Amino acid sequence: MYEVELKVRAGHDAVRRRLDEQDAEPVDAVGQTDVYYDAPHRDFAATDEALRIRQEVSLDEAEGREAGFDWSLDEGTTMVTYKGPLVDDSSKTREEFETAVADRGAMEGILDGLGFEPAATVRKRRRRFALSGYTVTLDEVDGLGEFVEVETEVEADDIEAAREGAFGVLDALGLDAADGIRTSYLGLLLDA
């Protein structure tokens, strides 16, 4: 599967109003802690790949704001994700493989045993909505601020149509695709 994603820096208040006007369906509010890893056999920054362990906990919006970006890593769901290089110049489309992990400590031990080392941690609060077949995510990223992502997952043959649809959703939210950011939150934090 390929993740087709557009991301822009945007304040959430105006986007929330547009989501309401578009009858977007609220999905959930979560806190995520992503630990990214460096590989011993190649430079992920040079190849534009990523390997991460994500811990996701459910938050209601008020709870998330009060907690800041500190939530227990002993709760919620753990996922391991590999993201391949970007495949185009106008979005963050890339091949992605992700699976649930039953034991975070064991997964960390496996990566450590293979020579992978933690490189950086990204913490964010996310509020997700469903709109026109896409997930619209309002992200508040620790150390970076507010962003909006529009994304979906498709097979390789459907990438172009999905990307055009994502541009349409972004436009319906009053956001400009020309303001798109192709750099990951990890990259933005490392450049800050």
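Me: Two strands pair if DSSP finds at least two bridges between them. This is a predicted model, in which local features need pLDDT of at least 70, side-chain atom pairs count only at pLDDT 80 or more, and totals for chains, interfaces and linings use all residues. Residues are numbered from 1 along each chain as its sequence is written, and side-chain values use heavy atoms, leaving out hydrogens and water. Which residue in E8 stands opposite Val-4?

Reply: Happy to help! Helices (H or I, at least four residues) and strands (E, at least two) are DSSP runs, numbered from the N terminus. E1 and E8 run antiparallel, joined by eight bridges. Opposite Val-4 in E8 stands Thr-152.

Me: And which residue in E8 stands opposite Val-136?

Reply: Here E8 pairs with E7, in the antiparallel sense, over seven bridges. These two strands form a hairpin with three residues between them, and Gly-143 in the turn has a positive phi of about 90 degrees. The residue of E8 opposite Val-136 is Val-150.

Me: Which element gives the largest share of the largest nonpolar core?

Reply: A nonpolar core is a set of buried Ala, Val, Leu, Ile, Met, Phe, Trp, Tyr and Cys residues joined through side-chain atoms within 4.5 Å; buried means under 20% relative accessible area, exposed over 50% and partly exposed in between (1.4 Å probe, protein chains only). The largest core has 23 residues. Elements giving two or more residues to this core include strands E7 (134-141) and E8 (145-154). The largest share, five residues, comes from H5.

Me: How far apart are the side chains of Gln-32 and Glu-56 in their polar contact?

Reply: Gln-32 lies in strand E2 and is buried, at 0% relative accessible area. A polar contact is a pair of N or O atoms within 3.5 Å; within protein, one must be able to donate a hydrogen and the other to accept it, and residues adjacent in sequence count only if both atoms are side-chain atoms. Gln-32 makes one such contact of 3.2 Å with the side chain of Arg-126. Its contact with Glu-56 is 2.5 Å.

Me: What kind of aromatic pair do Phe-147 and Tyr-185 make?

Reply: Rings of Phe, Tyr and Trp (its six-membered ring) pair if their centres lie within 6.5 Å; planes under 30 degrees apart count as stacked, over 60 as edge-to-face and the rest as tilted. By this rule there are two aromatic pairs, and the rings of Tyr-82 and Phe-97, with planes at 25 degrees, are stacked. Phe-147 and Tyr-185 have ring centres 5.1 Å apart and planes at 65 degrees, so this pair is edge-to-face.
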